[in-house]
Amino acid sequence: MQNKSAVLLFTILLAIAALYTLSFNWVASNFEETAEKQAEFVADSIISSGAVGANKDRESLVKEKKREFLRDSANAEVYPVFGHTYQEVKENELNLGLDLRGGMSVTLEVSIPDLIKSLSDYSDNPDFVSAIEKALAAQANSNDDYVTLFGDAWADQNSSVELWRIFHNMESKDLFPAKSTDDEIIAILRSEAETAINNTENIIRKRIDQFGVAQPNVQKMAFSGRILVELPGVDDRERVRKQLKTTANLEFWETFNNDEIFSKVAAANNALGRALNPELFTPEMDSLAADSAGLTPEQQQLRSPLFKLLQPQLQTVSPVVGYALTKDTDDLDSLFNHPAVLAELGPNLRLMWESSPTTTVSALYAIRDDSGKGKAKLDGRNIVDSSVGYDEVGDVICNMTMDAEGTGSWGRMTEEAANDGNRIVCVVLDNKVVSAPSVRVPITNGRSQISFGSGQTVEEKLSEAEDLSSLLKAGSLPAPAKIVDEVSVGAQLGQSNINAGLYSFLIALFVILVYMIFYYKGAGLVADIALIANLFFLIGALASLKAALTLPGIAGIVLTIGMAVDANVLIFERVREEMRNGKSLGVAVKEGYGKAYSAIIDANITTLLTAIVLFAFGSGPIRGFATTLIIGIFTSLFSAIVLTRLIFFSRLENKKSISFTSNITKNWFTNSKIDFVGKRKTFYIVSGLIVVAGIASLSMNGLNKGIDFTGGTTADVTFASPVDVDAVRGYCEEAFTEENGAKANPIVQTKDSNASIRIKTNYLIGSNADDVDEQITSAIESAMEKTGVEFTIDRYNKVDDTISDDFQRGAMYATIFSLIVIFLYLVFRFRKWQFGIGALVAMVHDVLIVIALFSLLWKVMPFTMEIDQAFIAAILTVIGYSINDTVVVFDRIREYLGLYGSKREEKDIINDALNSTLGRTINTSLSTFVVLLTIFVLGGDNIKGFVFALMVGVVVGTYSSIFIATPSVIDLSKRLTPEKK
């Protein structure tokens, strides 16, 4: 084997890289075990001492203290060999999807209609209002963005008013110049819409930092412009919704110095102590308090609840009132809102925390509210532009430009601050101080610069300036965000999915390893080594690319196993065939690899094309499945071809034997003489009957469409004991009644028992209320509480009707695009359109049969068979598997026609080609089916429908490659080869 040393070195380096990447998981796990023990110790100490927090149950308290420990240890070195901190280790470990670790996934849609209304200063022009409404109606059935639809709707109005006049006002005259054409205005609106989406994404990234989530994911989705937010581990859905949906509010506030208001804060601290613990403020207790040794430390803390958590700042005159541990800021906010505290602070003093502390300590600022009503003198609506730059000495700054109104307000604020001892002005976003610049001179030209802390590096300053510039820009674009898709998975369900997926996967892997040795003996052992290496490389690659491993991703690994086995089987069957033809072992191995390459490459390329389409059109777990499949294709090719070849040729060079068969399997599938071509019409009839039955079922039973395609809400609920499902249905009907009396007609289905149910409803699906998500959750919980049985909501999924239409279109386009791409590739590879049409017919046949079976069986199967995004992923995978099998068969037909085309009857040649692939076809299909069957039996209920579709796909894909694809090629061709001589 040429370049043997280079291949061996590359393999070793690849293994070391994968091992290094996976080591992050081991290090993180060990450190988190330490955190767990520390949290248990602290929780037990709190409970035994009766300290603050002792009223919480131990499990919740341990979780809370563990989160605090890990958050405070973010910069602690936990991987001393390489000097990595805990945060760096978490960022580099293999990321688990929400279905495996629990958490929340939310898709946000920035309201572009509201943005356009705002930019028009809420114009009441009838033509403008009509165009807005018509564009909204058209959006439900169109792939075009809203700005394009608005432009079309405006053009249809034939308004006598020019569009620029709608947007050209005092605040936005520079943004929308006079005399602009309609096309120019639409272009400006599109730019502003894109800016609003990008800035909302940046704001969301800032907001989720407060959740303390490890490995959060915020990304703008291609094509739609929506924003996907994934928060592993969070369980407070209402808090997350509130934080994500709140409109970004940028404000500029004047400040008090701490020496001016400290007496108020001290009075508030005293008043709060009296309100919470009046028994500690009797004359006797006051007398004891006067004596430094008179009160216990705990009593002193209870008399001073604010200063127990807040360290006052008295050394330096500034707006900073004091400092507190970041983890205590929520508790302090609750205390600040106590009536006794508010009464002492008065209406003109507000307290706000800094936005992004550089340590575990946060600063508290004293904000001056002259209005007493929480209204800032200047806010983000007055910012028209912002950018990052450098001052005259090269320091990083953030430039901002204001409109005329803002220029006047800013000039007055800065003049007052500069004349009052260079007082600080705070820039606040969503009640968090993002910057606190000291004002040296009045700024009257509407242009200002914000500098940053002297203790920061240039990189840190630049990063903060870019963030602030983005936030300032976002503040000038008031565009509300709406949750259009939400999935919540409980941590317990996530762990159950891990256990079910892991156990089923290990058992399936063990079965495959044993079967390969049974069938191919020594060569099977080599294939097993390559297969284990393949899994090692695949998981290492997933970790290094920071891809999430999801439950469908585990199915993708399973499919990868099948593809790796398929490549080995193709090679081994070729080697066995060459040896039966009398060739020596060395020659047989060399020619076996050479002749198998074409089929292996073609089969993997067609599967890769399908996976790429799936990645482009899918989202969430489905994209995780596609990612796993794409990576698995490359690792499978490397391990199945390069590693096995390296081992075989090393043994041959050392004069060691290799066995490719056992005594039992030696002659299996070698003498098959089935007349596939002659019986093709029989199989046409069989397939036709199944498809017709499916069509009839579709007209009568329909399909069990999931909320991905209908819109609505799904909740998976687990009860402590079995419940009366009919009673639960009645409770849901009562809870899901809207204010106008309309009933949502919920669907209540059992899963694996009456203690586990799934609820589907379209309750409030069209509502635009700000708290619609909270209303739906509350209705579900109130209905479940009526059972009187303890319950948990393991999984919550809400899909808005606007995004469900997009899911349907995306699924249709993905399927059609996959079929077209594969057809074109096969025409290119086999140089005959008949091969492309034959494969296309087979793929459509497979898809129709899978859909037919789902229509026939969804009402009788003991598991959910919903038509959702996971089902579409299964359909595309079936297409990939079917074409994989078909390509192998076509490749052998092409080879036989080249060898015997002018010497024998074409019918006999094709039959021989099909019979010669039976060993490979049955071994590969059986191996993949057994793996899927194991996951189907042992895996969780949430993946059963997905795996069932794959199982059906393996069977019909194998069937169609022989009985549909090849006969179709024959019947479409007068003759594939020249006339026999």
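Of the 981 residues in the chain, 53% count as buried. The model is predicted. Its accessible surface comes to about 43,700 Å². Carbon and sulfur atoms account for 56% of that surface. The chain holds 33 helices and 23 strands. Take the contacts between residues at least 6 apart in sequence: 73% of these join residues at least 24 apart.

**Confidence**

The mean pLDDT of the chain is 78. A value of 70 or more is reached by 84% of the residues. Two stretches deserve a separate word. Over residues 474-478, pLDDT stays under 50. The model still gives this stretch 17 contacts beyond four places in sequence. Residues 976-981 also have a pLDDT below 50. Beyond near neighbours in sequence, residues 976-981 have 15 contacts in the model. Where pLDDT is low, the predicted coordinates should not be read in detail.

**A buried threonine**

Where does Thr 627 sit? Its place is in helix α23, which spans residues 621-653. Is Thr 627 buried or exposed? Its relative accessibility is 16%, so Thr 627 counts as buried; the cut-off for buried is under 20%. Which residues does Thr 627 touch, leaving out those up to four places away in sequence? They are Leu 542, Ala 547 and Phe 615. One of these partners, Leu 542, falls within the range of helix α20 (522-544).

**Two lysines with positive phi**

Most residues other than glycine have a negative phi. Lys 179 has a positive value, with phi near 70°. Lys 521 has a positive value too, with phi near 55°. Each lysine lies in a loop between two helices. For Lys 179, the loop runs between α8 (163-167) and α9 (182-208). For Lys 521, the flanking elements are α19 (491-520) and α20 (522-544).

Accessibility completes the picture. Lys 179 has 62% relative accessibility and therefore counts as exposed; the cut-off for exposed is over 50%. Lys 521 has 44% relative accessibility, so this residue counts as partly exposed. The table sets out the values.

| Residue | Phi | Loop between | Relative accessibility |
|---|---|---|---|
| Lys 179 | near 70° | α8 (163-167) and α9 (182-208) | 62%, exposed |
| Lys 521 | near 55° | α19 (491-520) and α20 (522-544) | 44%, partly exposed |

Methods. Residues numbered from 1 in each chain as written. Predicted model: local features only at pLDDT ≥ 70, side-chain atom pairs only at ≥ 80, totals over all residues. Heavy atoms only, no water. Helix = DSSP H or I, 4+ residues; strand = E, 2+ residues; numbered from the N terminus. Buried < 20%, exposed > 50% of the residue type's maximum accessible area, 1.4 Å probe, protein only. Contact = heavy atoms within 4.5 Å. pLDDT = per-residue confidence, 0-100. Areas by Shrake-Rupley, 256 points an atom, 1.4 Å probe, with all protein chains shown as cover.
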